[in-house]
Amino acid sequence: MVKETIRVYARVKPLGRQQQAGIYSVDDNEKSLSSLEIIVPRDLADGFVNNKRESYKFKFQKIFDQEAKQDVVFDSIAKPVAECVLAGYNGTIFAYGQTGSGKTFTITGGAERYSDRGIIPRTLSYIFDQLQKDSSKVYTTHVSYLEIYNECGYDLLDPRHEASGLEDLPKVTIMEDPDQNIHLKNLSLQQATNEEEALNLLFLGDTNRMIAETPMNQASTRSHCIFTIHISSKEPGSATVQHSKLHLVDLAGSERVAKTGVGGHLLTEAKYINLSLHYLEQVIIALAEKKRSHIPYRNSMMTSVLRDSLGGNCLTTMIATLSIDKRNIDESIATCRFAQRVALIKNEAVLNEEIDPRLMIVQLKKEIQELKDELALVTGKQRTSELSQEELLRLDELLETFLEDNDPDSTLDVGADMRKIKYCFIHVKQLMNHSKISDKKLLSQYIPEEKETNKQTGEELKKLKELLQQRDNEINILVNMLKKEKKKAQDALFQLNAASACSTVFEQSPSINLEESQSPSSCFSLKEAKDFSSSVHRLPFLSRKTGGKMSLGCQEAFEVFKQDHADSITIEDNKQLLKQKFAEAKCLGEKLNEVRIKINHLKGEITQRHVQRAALAVSSPSEELNTLDPVEEKLRTQIEEEKKSYKAMFNRVKGLKIEIEHLQLLIKKVKMKLQKDFEVWWSEETINLQQEKPEMVSSPNTMTVYPQFIKSSQHLSTNSFSDTTRVSPNEDPAGKNNSITSSNPTLKTRTPPSSSTSIPLTGDSQADADILAFIKARQNILQKKGLGNK
């Protein structure tokens with residue numbers, strides 16, 4: 001490690017023809033530092049009382065006056081730094097001064113004469129000469145050229161520089177690693193094997209630099225440029241590699257805009273230049289203060305790139321270029337003051353060495369082989385790097401016996417071979433991990449399955465409770481309906497029996513005498529006849545019109561109608577086909593479950609095979625384990641076949657689902673059609689009966705009583721006729737007229753022939769139509785069943 005302050009040198013630019021020299025003096029002392037004194041005479045225009053300072057003294061490592069040549073400057077400044085770089089240390093040389101003070105001439109040189117070459121070309125020549133002379137090491141040299149223009153970095157060695165504008169080129173960005181090392185993205189490193197290639201790269205970069213004419217300089221560089229030489233060296237056979245780099249920095253010159261009077265684009269460039277130099281001065285001031293904890297390197301790109309050069313791992317040298325002109329005396333004094341602050345900074349340069357990984361691997365392999373030879377010499381056994389197959393099998397047997405032994409005092413003896421001990425530990429660890437993974441998988445599978453099962457059970461229980469409640473309600477409703485229907489059917493049957501009994505009485509006794517007519521059991525009143533007719537009107541066979549269920553008579557008619565209908569055969573055929581489809585779908589579902597279980601079993605065997613091969617690869621790696629496993633390939637082939645079978649059956653199940661849904665829809669449509677046909681037939685029968693009604697009734701006030709109706713009088717109460725029926729005094733007492741006259745002389749009762757159909761009518765058209773429809777439908781049903789004559 002080398003600790004030293006930054007070396008500071010000063011160089012005075014020769015004056016031009018029209019420039020007036022200021023007053024200065026140089027004191028060169030070879031034993032100590034050189035000093036520069038600048039005298040600023042007082043201006044009499046300011047008056048006699050003037051306390052301005054007249055003399056300014058500054059100390060430098062060495063001062064190069066106006067007559068100094070380029071080779072002298074190189075030998076004194078750059079040559080020692082280049083020697084340190086060749087030795088493995090980092091180095092930096094940068095020039096600082098106002099615009100037009102000779103910075104670019106000092107760093108790069110002039111183009112008129114060969115002797116005007118600057119520090120960069122002379123350093124390249126010196127470095128490659130030394131590399132050719134030193135044959136004890138192998139050197140590798142790379143070159144990079146960075147330009148910082150308006151706080152944006154550009155690669156001057158980019159081949160697209162000439163063909164593209166500056167804004168189209170990729171910008172160089174700064175990247176920082178966790179160790180706070182700076183890396184430049186999009187900055188190319190060009191390899192240079194000799195001096196000629198390196199100089200060509202330098203000239204290419206100088207051609208691409210931003211140069212403009214200003215009042216202070218005809219060819220003023222408007223950007224900061226950093227030319228970096230990277231050197232790597234290594235001795236043959238050594239694992240140590242040395243890396244070093246040399247930064248040669250040409251800073252843009254500061255200028256006072258008020259003095260130069262520039263504007264437009266030049267003014268913008270001047271602002272960026274002065275701002276970056278201001279940030280550089282802030283870093284220098286912060287480094288000079290011992291108690292300063294934060295250094296503002298990140299304020300500008302230039303200070304970030306030169307972090308190592310300013311207070312880091314680098315040997316740094318500064319050249320302060322001065323223009324001793326009366327107009328520029330103030331800027332020269334400011335440059336000297338900046339140089340004095342830079343001289344207070346201390347750098348700690350260390351030798352940049354690292355070990356080559358490839359050479360270290362070779363060296364370690366050689367050492368391992370030597371140790372193996374010594375071990376074989378001591379033990380008398382030549383050991384290979386891997387255990388044989390027989391030894392592995394023997395170890396597996398010992399491990400299995402040891403693990404199955406329940407004796408706590410049992411031991412596992414594999415000898416003093418570390419390879420066998422490591423194999424046993426690895427094998428036991430794999431077994432433990434495999435058991436833990438299996439337990440976790442089983443637990444993770446069991447918990448969700450248990451939760452899902454409980455959830456499904458709760459949902460099913462809730463659904464079953466709701467279904468049970470619904471069924472209870474339906475059963476209660478049906479029971480009530482059955483009771484009502486049964487009661488209504490009994491009432492209707494009772495009325496029909498009464499009507500038939502009455503008909504029989506009239507057939508046996510065609511004429512009724514006066515005494516019989518006056519008896520309570522022979523006739524009945526008109527009021528009770530209307531009550532009977534109204535009870536018949538309330539028969540339930542047409543209750544479907546009011547939104548209720550179909551009555552028993554209507555259901556019986558519907559069953560007979562359905563048996564003779566053509567669509568009933570279609571319904572039965574579709575039901576049989578639907579049962580077959582359901583059976584086939586159930587069978588396919590069972591087969592799908594079996595195929596799925598088989599696929600999962602095959603996958604488990606493949607996983608187990610992977611675990612076994614991985615354990616074998618860890619314990620005894622060989623090339624055979626990297627090849628394909630025929631057992632695994634066979635299992636995968638079986639899985640693919642089962643997947644194809646599963647897919648085919650699944651597609652068949654989907655097709656069956658579509659067919660089942662189609663059949664169900666078809667059955668539903670046929671049933672609806674059958675019901676509509678029955679309703680049409682039923683309505684037609686009702687209309688026909690209503691059309692036959694006028695033929696049976698002679699007049700509105702006269703009601704025909706048929707034998708069935710007369711027969712029903714036998715079931716009536718004997719007292720119901722005593723007060724409501726009497727014999728007219730004008731009637732024949734022998735009953736020859738065969739007529740009965742009630743208290744109402746307009747109501748007459750006639751006995752038709754016994755062969756005619758007898759129906760009790762009430763005079764209410766709706767009630768009469770319902771009674772006629774019911775009796776007509778019942779007769780048609782009985783005729784179809786062969787019971788019409790009975």
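**Exercise 1. Overall make-up**

Task: State how many helices and strands the protein has, and what share of its residues is buried.

Solution: In this predicted model, the protein has 18 helices and 21 strands. Of the 790 residues in the protein, 35% are buried. Turning to contacts between residues at least 6 apart in sequence, one finds that 74% of them join residues at least 24 apart.

**Exercise 2. Helix H3 and its two partners**

Task: Work out how the axes of H3 and H4 are oriented to each other, and then do likewise for H1 and H3.

Solution: Begin with helix H3 (residues 119–133) and helix H4 (residues 195–207), whose axes come within 9 Å and cross at roughly 160 degrees. Since an angle over 145 degrees counts as roughly antiparallel, H3 and H4 are therefore roughly antiparallel to each other, and their crossing is right-handed. On the H3 side the contact involves Ile120, Pro121, Leu124, Ser125 and Phe128, which meet Glu195, Ala198, Leu199 and Leu202 in H4. Sorted by class, the residues of this contact of H3 with H4 comprise 7 nonpolar, 1 polar and 1 charged.

Next take helix H1 (residues 70–87), whose axis comes within 9 Å of that of H3 and crosses it at roughly 45 degrees. This angle falls in none of the ranges set for roughly parallel (under 35 degrees), roughly perpendicular (65 to 115) or roughly antiparallel (over 145), and H1 and H3 are therefore oblique to each other. The crossing of H1 and H3 is right-handed. Residues of H1 including Phe74, Ala78 and Ala82 take part in the contact, and among their counterparts in H3 are Thr123, Tyr126 and Ile127. The contact of H1 with H3 is made up of 9 nonpolar, 3 polar and 4 charged residues.

**Exercise 3. A residue within H3**

Task: Decide whether Thr123 is buried or exposed, and list which residues it contacts beyond its neighbours within four places in sequence.

Solution: Thr123 belongs to helix H3. Its relative accessibility is 1%, and because the limit for a buried residue is under 20%, Thr123 counts as buried. Once neighbours within four places in sequence are set aside, its contacts are Phe74, Ala78, Ala82, Ile229, Leu246 and Leu248.

**Exercise 4. The nonpolar cores and helix H6**

Task: Identify which residues touch the most other members of the largest nonpolar core, and how H6 and H8 are oriented to each other.

Solution: The largest nonpolar core has 44 residues, and the members that touch the most others are Phe60, Leu251, Leu280, Met318 and Val342. A second, separate core consists of 37 residues, among them Tyr9, Ala198, Cys225 and Leu248. In soluble globular proteins, nonpolar side chains tend to be buried together. Leu280, with residues up to four places away in sequence left out of the count, touches Leu251, Met302, Thr303, Leu310 and Phe338.

For the helices, the axes of H6 and helix H8 (residues 329–342) come within 9 Å and cross at roughly 40 degrees. H6 and H8 are therefore oblique to each other, in a crossing that is left-handed. H6 contributes Leu280, Glu281, Ile284, Ile285 and Ala288 to the contact, while H8 contributes Phe338, Arg341 and Val342. The contact of H6 with H8 has 6 nonpolar residues, no polar ones and 2 charged ones.

His278 also lies in helix H6 (residues 265–288), and it is partly exposed, with a relative accessible area of 38%. Between His278 and Asn299 the separation is 21 residues in sequence and 9.9 Å in space, taken from C-alpha to C-alpha.

**Exercise 5. Two asparagines with positive phi**

Task: For Asn150 and Asn186, find which loop holds each residue and whether each is buried or partly exposed.

Solution: Most residues other than glycine have a negative phi. Asn150, although not a glycine, has a positive phi of about 55 degrees, and its place is the loop between strand S8 (138–149) and strand S9 (152–155). With a relative accessibility of 18%, Asn150 counts as buried.

Asn186, likewise not a glycine, has a positive phi of about 70 degrees and sits in the loop between strand S11 (182–185) and strand S12 (190–191). The relative accessible area of Asn186 is 41%, and this residue is partly exposed.

Technical notes:
Residues are numbered from 1 along each chain as its sequence is written. This is a predicted model: local features need pLDDT of at least 70, side-chain atom pairs count only at pLDDT 80 or more; totals for chains, interfaces and linings use all residues. Side-chain values use heavy atoms; hydrogens and water are left out. Axes are lines fitted to C-alpha atoms, for helices over the stretch in contact, and angles run from 0 to 180 degrees between N-to-C directions. Helices (H or I, at least four residues) and strands (E, at least two) are DSSP runs, numbered from the N terminus. A crossing is left-handed if the near helix is turned anticlockwise from the far one by less than a right angle, and right-handed if clockwise. Contact means heavy atoms within 4.5 Å. Ala, Val, Leu, Ile, Met, Phe, Trp, Tyr, Cys and Pro count as nonpolar, Asp, Glu, Lys and Arg as charged, and the others, Gly among them, as polar. A nonpolar core is a set of buried Ala, Val, Leu, Ile, Met, Phe, Trp, Tyr and Cys residues joined through side-chain atoms within 4.5 Å. Buried means under 20% relative accessible area, exposed over 50%, partly exposed in between (1.4 Å probe, protein chains only).
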